[in-house]
Amino acid sequence: MKYKVSVKQKNLTTKEEVLLCDQIIEAEKNVHDFHFSFEEKKPYMGTVEIKGDDKGCTIYRNCENRSTLDFILKQKTKGLIESQYGILEIGLYTRHYDQKEEMITLIYDVMHESHVVESYRLSIKIRKVV
């Protein structure tokens with residue numbers, strides 16, 4: 001089905017907010033899970049795929065670097081970033097994850113050992129196009 005998808009990312013440390021997607025795309029969505037992909041807006045210019053359900057989500061990103069980030073509410077997980085220099089593993093902690101009818105909200109920390117390096121909020125609005 002076609003959906004109007006808006007994806008915003010806010011760095012909670014610097015307060016910088018970026019609109020990553022504002023498009024009509026094909027997506028799979030029901031009460032318990034979702035799956036869609038989109039082309040990021042400039043300056044990022046990558047392809048992003050997001051899959052999720054009631055418990056968490058995974059974000060795959062493919063541009064100059066490839067990354068796979070897994071998020072599960074109130075759990076520490078690992079993210080992998082592949083670049084020309086090799087594979088970097090980062091720690092993630094999901095502080096908030098909520099999937100409602102037309103809104104998905106994810107708040108997470110990027111960790112180095114036990115210290116928070118950055119914090120982000122990802123807000124996804126997904127509305128069916130009639």
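**View 1. Lining of the second largest pocket in the predicted model.** Eleven names make up this wall: Tyr3, Lys29, Asn30, Val31, Gln99, Lys100, Glu101, Glu102, Ile126, Arg127 and Lys128. The space inside comes to about 180 Å³. Strand E10 gives the largest share of the lining, 3 residues. By class, the lining splits into 6 charged, 3 nonpolar and 2 polar residues.

**View 2. The largest pocket and its lining.** This pocket holds about 850 Å³ of space. Its lining counts 36 residues, and Gln9, Arg61, Leu69, Tyr108 and Tyr120 are the closest to the centre. Nonpolar residues number 21 in this lining, against 7 polar and 8 charged. Which strands each supply at least two residues of the lining? They are E1, E2, E4 (47-53), E5 (56-62), E6 (66-72), E8 (86-99), E9 (103-112) and E10 (115-128).

**View 3. The closed barrel.** The barrel has 10 strands, in the order E1-E2-E3-E4-E5-E6-E7-E8-E9-E10, and the pairing is antiparallel. On average, neighbouring strands of this sheet are turned by 25 degrees against each other, direction ignored. Strands of a sheet pair through backbone hydrogen bonds. E1 (residues 2-11) and E2 (residues 17-29) share 9 bridges in the antiparallel sense. Lysine 8 faces leucine 19 of E2 across this pairing.

**View 4. Strand E4 between E3 and E5.** E4 runs antiparallel to E3 (residues 33-39), joined by 7 bridges. Aspartate 33 stands opposite aspartate 53 of E4. On the E5 side, E4 makes 6 bridges, again antiparallel. Isoleucine 50 has isoleucine 59 in E5 as its bridge partner. The E4 and E5 hairpin has 2 residues between its strands. The two faces of E4 part cleanly by residue: Val48, Ile50 and Gly52 are on the covered face, while Thr47, Glu49, Lys51 and Asp53 are on the uncovered one.

**View 5. Strand E6 and its two hairpins.** Side chains alternate along E6. Ser67, Leu69 and Phe71 point to one face and are buried. Arg66, Thr68, Asp70 and Ile72 point to the other face and are not buried. E5 and E6 are antiparallel, with 7 bridges. In this pairing, arginine 61 stands opposite serine 67. The hairpin of E5 and E6 has 3 residues between the strands. E6 joins E7 through 4 bridges, also antiparallel. There, leucine 69 has glycine 79 as its bridge partner. Leucine 69 is also one of the residues closest to the centre of the largest pocket. The hairpin of E6 and E7 has 3 residues between the strands.

**View 6. Positive phi at lysine 74 and glutamate 113.** Where does lysine 74 lie? Lysine 74 is in the loop between E6 and E7 (76-83). Its phi is near 60 degrees, a positive value in a residue other than glycine. Lysine 74 has a relative accessible area of 52%, so it counts as exposed, the cut-off being over 50%. Glutamate 113 sits in the loop between E9 and E10. Glutamate 113 has phi near 55 degrees, also positive in a residue other than glycine. Is glutamate 113 buried or exposed? Glutamate 113 is exposed, at a relative accessible area of 69%.

**View 7. Aromatic pairs.** The structure holds 4 aromatic pairs. One of them joins phenylalanine 36 and phenylalanine 38, with ring centres 6.3 Å apart. Their planes meet at 25 degrees, and the pair is stacked. Stacked applies to planes under 30 degrees apart. Phenylalanine 36 and phenylalanine 38 are both buried. The rings of phenylalanine 71 and tyrosine 108 have centres 4.6 Å apart and planes at 50 degrees, so this pair is tilted. Phenylalanine 71 is in E6 and tyrosine 108 in E9, so the pair ties together parts that are 37 residues apart in sequence. Phenylalanine 71 and tyrosine 108 are buried too. Tyrosine 108 also ranks with the residues closest to the centre of the largest pocket.

**View 8. The aromatic cluster.** Which residues form one aromatic cluster? Phe34, Phe36 and Phe38 do. The stacked pair of Phe36 and Phe38 belongs to this group.

Conventions
Residues numbered from 1 in each chain as written. Predicted model: local features only at pLDDT ≥ 70, side-chain atom pairs only at ≥ 80, totals over all residues. Heavy atoms only, no water. Pairing = 2+ DSSP bridges. Axes fitted to C-alpha atoms, helices over the stretch in contact; angles between N-to-C directions. 1 Å grid on protein atoms, 1.4 Å probe; cavity = no way out; pocket = protein on both sides within 12 Å on 5 of 7 lines; lining within 4 Å. Points joined across faces, edges and corners; volume = space filled by probe spheres on them. Nonpolar A, V, L, I, M, F, W, Y, C, P; charged D, E, K, R; others polar. Phe/Tyr/Trp six-rings, centres within 6.5 Å; stacked < 30°, edge-to-face > 60°. Buried < 20%, exposed > 50% of the residue type's maximum accessible area, 1.4 Å probe, protein only.
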